[in-house]
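Have the model open and turn it so the helices are easy to follow. We'll start at one small polar detail and work outward to the core.

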Amino acid sequence: MPLSHQRKQELISEYQVHETDTGSTDVQVAMLTDRINRLSEHLKLNDKDHSSRRGLLKLIGQRKRLLSYLQEESQERYQALIGRLGIRG
């Protein structure tokens, strides 16, 4: 399920680093987190949907790689982002 255009714009405006930012690491992680959360809810209802489960695992891996990159680049931005998104307990 792709993100709707309106939801994508909301995430971009909320997590952008500067005014014309549309693809920074922060924005990408926020979009992936939104998709992961929606897919997790879908899998709670449809536990035998293995193709969606595989897609979910791929999204989680992609988000993990982006977060690792962000942590190496800027520890402050990394801490702020995971706090805002409520991930990595």
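A polar atom of the Ser74 side chain lies 3.3 Å from the backbone nitrogen of Arg77, in reach of a polar contact (N or O atoms within 3.5 Å, one able to donate a hydrogen and the other to accept it; residues adjacent in sequence count only if both atoms are side-chain atoms). Ser74 sits in the loop between α3 and α4, and helices here are DSSP runs of H or I with at least four residues, numbered from the N terminus. With a relative accessible area of 16%, Ser74 is buried (under 20%, using a 1.4 Å probe and protein chains only).

This is a predicted model, where local features need pLDDT of at least 70 and side-chain atom pairs count only at pLDDT 80 or more, while totals for chains, interfaces and linings use all residues. Residues are numbered from 1 along each chain, and side-chain values use heavy atoms, without hydrogens and water.

Now look at the two helices themselves. The axes of α3 and α4 are 5 Å apart, at an angle of about 135°, so the pair counts as oblique (not under 35 degrees, over 145 or 65 to 115). On the α3 side, Leu67, Leu70, Gln71 and Glu73 make the contact (heavy atoms within 4.5 Å); α4 brings Gln75, Arg77, Tyr78, Leu81 and Ile82.

Follow Leu81 further: leaving aside residues up to four places away in sequence, Leu81 touches Tyr15, Asp26, Val29, Leu67 and Leu70. Leu81 is also among the residues that touch the most other members of the largest nonpolar core, which has 22 residues (buried Ala, Val, Leu, Ile, Met, Phe, Trp, Tyr and Cys joined through side-chain atoms within 4.5 Å). α2 gives the most to this core, eight residues.

Technical notes. Buried means under 20% relative accessible area, exposed over 50%, partly exposed in between (1.4 Å probe, protein chains only). Axes are lines fitted to C-alpha atoms, for helices over the stretch in contact, and angles run from 0 to 180 degrees between N-to-C directions.
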